[in-house]
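Trainee: I've got a model open and I'd like to learn how to read it. Can you walk me through it?

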Amino acid sequence: MRLPSVAIAPIGESSARRLMVHWRGAGVWLAFWNARGRLVWHDRQGPRVWTRLLVHSGLVRSEIRRAVRGALAREASPAPPTWGSFLGLAALPILQRKRIVGVVTAAWRQGEPDEDFQRFCDRARLDAQAIVQAAAVLPSYGADWATQWGAMLQFMVQQARESEENARQIESFTRNLGDTYEELNLVYSVGGMLSLDDAPHDMLQRLGREMLTVCKAAGIVFVQHVEPASGGFAAPAREVRAPRCVCVGQAPEDPATLRRLAETMGVGVGSLPLEGAAPSYVLRNNADELPEFSWAADWLDHIVALPLDRDGRRLGAMIALNRTDGGDYSSIEVKFLRALADRVTSFLESQHLYDELADLLMGLLHALISSIDAKDPYTCGHSQRVAAMSRRLAQAAGFEPAECHRVYLAGLLHDVGKIGIPDAILCKPGKLTEEEFRILRKHPEIGARILSQIRQVQDLLPGVLYHHERMDGRGYPHRLAGKDIPLLGRIICLADCFDAMTTNRTYRSALPIDLALAEVRRCAGTQFDPELAEKFLEMDPKTLLAELNGAPGSEAGGGARADAVRELGGHESVGSVSPQSLGAVVKGWQRLQRRQLH
Ligand SMILES: [Fe+2]
Ligand SMILES: [Fe+2]
């Protein structure tokens, strides 16, 4: 029933088929024509007289087309067919909101053959007798009857079309409702999704992926303005968590390209207008035709850019690129993107405040630790170096960035218990007595007790409490052995001892680094976790130490471990260790290790 080269049908195939079958039963042949006068559907199984006429006579077909053109031209009384009154023909317009969208033609038997019919058959070279015989089986409708059921037919076609239109609208409405629900759901769930607990990069990636499934963008880009860390205390883990660009879907990943996109759209970080409010979005549905996008015309055709501004500051921009459906961005879709952009702005603002607070807390923490280390001038910078070294060791062991940051914090705090050790012991210039060592060995427990009051650092306690335990169970305070010692304690133990071994001071020489590394190797399995010791030796400790000693301030700096200093004795200058004194240095270090066991 479907014909080739069908243009827009005035009525759907299933409705047309239903009507044609229905009217076929009454001996009426139906055909449907579109608004351009082209045949769309016709009853191929209708009364044989009509199908034969259509197949065999171009004159019949042209008569019907003439009637269709008349209906489309809204002719009030179209010219009757030239074949006379034997066969009736009606062309009825199909309307949609008073606009003609097609025509339905009906043909039937009407009365007896007359002279006009005979003349027409002669002209068309048709067998009039055969046609009359074929039509004899059909019911006959007079012109009055035809007028009445013609109106009924037109009404039925209109009803069928309207019910199709309603079904289409309901389907479209349902689809839009579903889309809107998904959009609203995403807008409301973004608040929960954008948690400060996880890295912003991961958050924006997750949001971008959700957006791609809901809106029809081919790619989503977040260009983030990262302000320089204040005070120099920003933890490296936070720096990792603050990327400048996050790309999802089909989007260029080159930061320079993305920044150029943002600048071209007027939403770059430096393009906040000096006066007046910035536009809430910039939409270009024909970017490939615009000269300012000639550099991107081969991959960019649609772009929506939404600035992320707060209190006169530009935090970044959110950009939707191209389409997956070949359409344009509508104002409704842009409003949806704006609602999401507002959520992202709030998130970035909160993240900014969080970073500032984290900077402040880290600054206070460093100040506190430095003040403890400074009680003994020879331990200055020790905690920062242990923290930095522990973090490197955690990185080498494959820890996640957030875990590495926790290891760093535990390293910073590992000797915080020394705040409870009398200055007379901490700062004693000579050797400590056994009783003084017994008191000094309390610092891990004092530190753990202090920190146990702070809910946020509970996971750091193992690093503080167990950093003097040994793998062979001869450490303190609990003489734990092997894997019973929490991993955090084993990491800090190694970093702590290595720093104590390798720190130089003017009044004595530290262990040269090769000997310190040999000590790490020798003590792997007895004092140190052998797997960690192996990782440590693999991660180029010489370079690490050079970095730490060359970076004064928060993470490193000169200093020495007072206990080691006292045990090692000697007052040689840095770098002037004689072969004779080397042996004394090593023996002094090993003597200290033995003594600390008791
Ligand atoms: Fe310690
Ligand atoms: Fe320490």
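Trainee: How far apart are the iron ion (ligand 2) and the iron ion (ligand 1), and which residue coordinates both?

Mentor: Keep in mind that this is a predicted model. When two metals sit in one model, check the spacing, then look for a shared donor. Here the two iron ions, ligand 2 and ligand 1, are 3.5 Å apart, with D415 coordinating both.

Trainee: Where along the chain do H382 and D415 come from?

Mentor: They link distant parts of the chain, 33 residues apart: H382 belongs to helix 11, while D415 is in the loop between helix 12 and helix 13. Both H382 and D415 are buried.

Trainee: Which residues coordinate the iron ion (ligand 2)?

Mentor: Go through the donor atoms one by one. You'll find NE2 of H382, NE2 of H414, and OD atoms of D415 and D496, at 2.2 to 2.3 Å.

Trainee: And which are the protein donors of the iron ion (ligand 1)?

Mentor: D415 turns up again through OD, joined by NE2 of H443, H467 and H468, at 2.2 to 2.3 Å.

Trainee: Why is the arrangement around the iron ion (ligand 1) irregular?

Mentor: Look at the angles. The four donor atoms subtend 84 to 172°, so the arrangement is irregular. A tetrahedral call needs all angles between 85 and 135 degrees.

Trainee: What about the surface: is L361 buried or exposed?

Mentor: Use the relative accessible area. For L361 in helix 10, that value is 52%, so L361 is exposed, as the cut-off is over 50%. Along with L357, L360 and L364, L361 makes a nonpolar surface patch of about 410 Å².

Note on methods
Residues are numbered from 1 along each chain as its sequence is written. Chains are lettered from A and ligands numbered from 1 in the order in which they are written. This is a predicted model: local features need pLDDT of at least 70, side-chain atom pairs count only at pLDDT 80 or more; totals for chains, interfaces and linings use all residues. Side-chain values use heavy atoms; hydrogens and water are left out. Donors are N, O and S atoms within 2.8 Å of the metal (3.2 Å for Na, K and Ca); water is not among the atoms, so sites may look incomplete. Helices (H or I, at least four residues) and strands (E, at least two) are DSSP runs, numbered from the N terminus. Buried means under 20% relative accessible area, exposed over 50%, partly exposed in between (1.4 Å probe, protein chains only). Patches are made of residues with over 30% relative accessible area and no salt bridge: like charges are joined within 9 Å, nonpolar side chains (Val, Leu, Ile, Met, Phe, Trp, Tyr) within 5 Å. Accessible areas come from the Shrake-Rupley method with a 1.4 Å probe; for residues, only the protein chains shown count as cover. A salt bridge is a side-chain nitrogen of Lys or Arg within 4 Å of a carboxyl oxygen of Asp or Glu. Four donors count as tetrahedral if all angles lie between 85 and 135 degrees; four count as square planar and six as octahedral if opposite donors are over 155 degrees apart and all others between 65 and 115; anything else is irregular.
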